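Please look through the sequence and the structure shown here before reading on. The explanation below is meant to be followed with both in view, one part of the chain after another.

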Amino acid sequence: MSTTGATADPLAALGSLPGVAESVESVRKAVDRVYGHRIMRRRSNEITSEAALRGARGSAALSGADWALEEVRRRTDFSADDEARTVGAALRLTAEAGQLLSIWRQSPLRVLARLHLVAAADKGDEVGRPRQNGEPVDEPLVELPLPGAPEVAGRLEGLSQLIIAGGSAPALVTAAVVHGELLALRPFGSHNGLVARAAERIVLVGSGLDPKSVCPAEVGHAELGRAAYVAALDGYASGTPEGMAAWIAHCSKAVELGVRESTAVCEALQRGAA
């Protein structure tokens with residue numbers, strides 16, 4: 001996303017794209033419905049915990065480790081192979097995201113570095129910092145042209161400035177742009193998809209749209225499928241109004257599917273309590 005030009009608040013400007021206002025309103029209504037569920041008034045901590053687990057599972061699935069939920073719940077060793085390490089990274093990121101909310105608005109680049117450090121669980125020189133020219137990127141799902149290190153640095157700084165400045169953009173729009181920009185840039189040598197989806201979660205929670213973190217967009221992204229995810233990202237990367245609107249709409253559907261997942265959990269708990 002270009003962060004320069006005549007528009008003082010380019011994130012807010014995206015809200016005027018065709019269909020975006022409808023997506024924003026649809027998400028708001030969906031979130032309000034699950035927050036109004038009577039189980040949420042009494043057992044919200046359980047819903048938050050379950051949403052975190054299901055969100056991590058969904059994010060890992062998009063990164064190539066499509067495990068059954070019960071397998072994720074059962075396992076304790078996440079070091080056996082690449083898939084296990086991916087699931088472990090997703091779980092760590094979901095847990096870490098909640099600890100970084102207060103830092104995000106003041107120092108988003110610091111948060112992104114921390115997220116990568118947590119995901120990689122490594123102390124190599126390339127961990128926790130944007131990649132340099134010539135360093136490889138392991139992100140097989142995304143096949144977009146890879147921006148060079150100077151472009152990555154410039155766009156990350158622009159994104160950071162927009163977040164710190166705040167503005168009137170709806171939370172859904174900001175979350176979608178943060179997610180899409182990180183996927184398009186792939187600023188780190190690995191785990192970019194996991195980091196991008198964790199950052200989306202941070203925006204949705206920190207903005208107040210989903211303060212209890214019970215609307216796991218990662219669940220929706222996984223349910224919509226990798227092909228749809230990549231196609232929508234291509235639209236974002238195109239930079240066209242139509243492509244940007246399509247990506248925001250995709251993220252909107254993902255949040256709504258996350259809401260549906262947590263609503264089902266609420267219903268199951270309600271039946272058990274009846």
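The paragraphs that follow describe a predicted model, beginning with its nonpolar core and then turning to a helix and to charged side chains.

The largest nonpolar core has 79 residues, and those with the most contacts inside it are Trp104, Leu112, Leu115 and Trp247. Helix α13, which covers residues 241-273, gives the most to this core, with eleven residues. Tryptophan 247 is a good place to look in detail: if its neighbours within four places in sequence are left aside, tryptophan 247 is in contact with Ala176, Val177, His179, Gly180, Leu183, Tyr229, Ala232, Leu233 and Tyr236.

Helix α5 offers another view of burial. With 16 residues, from 82 to 97, α5 reaches 22 Å from its first C-alpha to its last, which is close to the 22 Å expected at 1.5 Å a residue. At the start of α5, a side-chain oxygen of aspartate 81 reaches to within 3.2 Å of the backbone nitrogen of glutamate 83. The buried residues of α5 are Ala84, Thr86, Val87, Gly88, Ala89, Ala90, Leu93, Thr94, Glu96 and Ala97, and what covers them includes α3, α4, α6 (101-104), α7 (108-120) and α10.

Charged side chains come next. Side chains of opposite charge can pair when their charged atoms come close. In this model the count comes to 18 salt bridges, and a few of them show how varied the surroundings of such a pair can be. Aspartate 66 and arginine 57 meet through their side chains in a salt bridge of 2.9 Å, N to O, and aspartate 66 counts as exposed because its relative accessibility is 57%. Glutamate 71 and arginine 74 also form a salt bridge, at 2.9 Å from N to O; because these two residues are three apart in helix α4 (residues 69-74), they are separated by about one helical turn. Glutamate 71, at 22% relative accessibility, counts as partly exposed, while arginine 74 is exposed, with a relative accessible area of 55%.

A salt bridge of 2.9 Å, N to O, also joins the side chains of glutamate 218 and arginine 201. This pair links distant parts of the chain, with glutamate 218 in helix α11 and arginine 201 in helix α10, 17 residues apart. Both glutamate 218 and arginine 201 are buried.

Salt bridges can also be followed from one residue to the next, for Glu50, Arg54, Glu70, Arg73 and Glu261 are linked in a network of them. Within this network, arginine 54 lies in helix α3, residues 38-62, and its side chain makes a polar contact of 2.8 Å with that of glutamate 50 and another polar contact, of 2.8 Å, with that of glutamate 261. Apart from neighbours within four places in sequence, arginine 54 is in contact with Leu69, Arg73, Val219, Glu261 and Val265.

What, finally, is the nearest side chain of opposite charge to aspartate 210, which is buried yet has no salt bridge? That side chain belongs to arginine 201, and it is 5.8 Å away, whereas a salt bridge requires the nitrogen and oxygen to be within 4 Å. Aspartate 210 is placed in the loop between α10 (192-206) and α11 (217-224), where a polar contact of 2.6 Å joins its side chain to that of tyrosine 35. Not counting residues up to four places away in sequence, aspartate 210 touches Tyr35, Leu204, Val205 and Cys215.

Key:
Residues numbered from 1 in each chain as written. Predicted model: local features only at pLDDT ≥ 70, side-chain atom pairs only at ≥ 80, totals over all residues. Heavy atoms only, no water. Helix = DSSP H or I, 4+ residues; strand = E, 2+ residues; numbered from the N terminus. Buried < 20%, exposed > 50% of the residue type's maximum accessible area, 1.4 Å probe, protein only. Lys, Arg positive; Asp, Glu negative; His and termini not counted. Polar contact = N/O pair within 3.5 Å; in protein donor to acceptor, adjacent residues only side chain to side chain. Contact = heavy atoms within 4.5 Å. Core = buried A, V, L, I, M, F, W, Y, C linked by side-chain atoms within 4.5 Å. Expected span 1.5 Å × (residues − 1).
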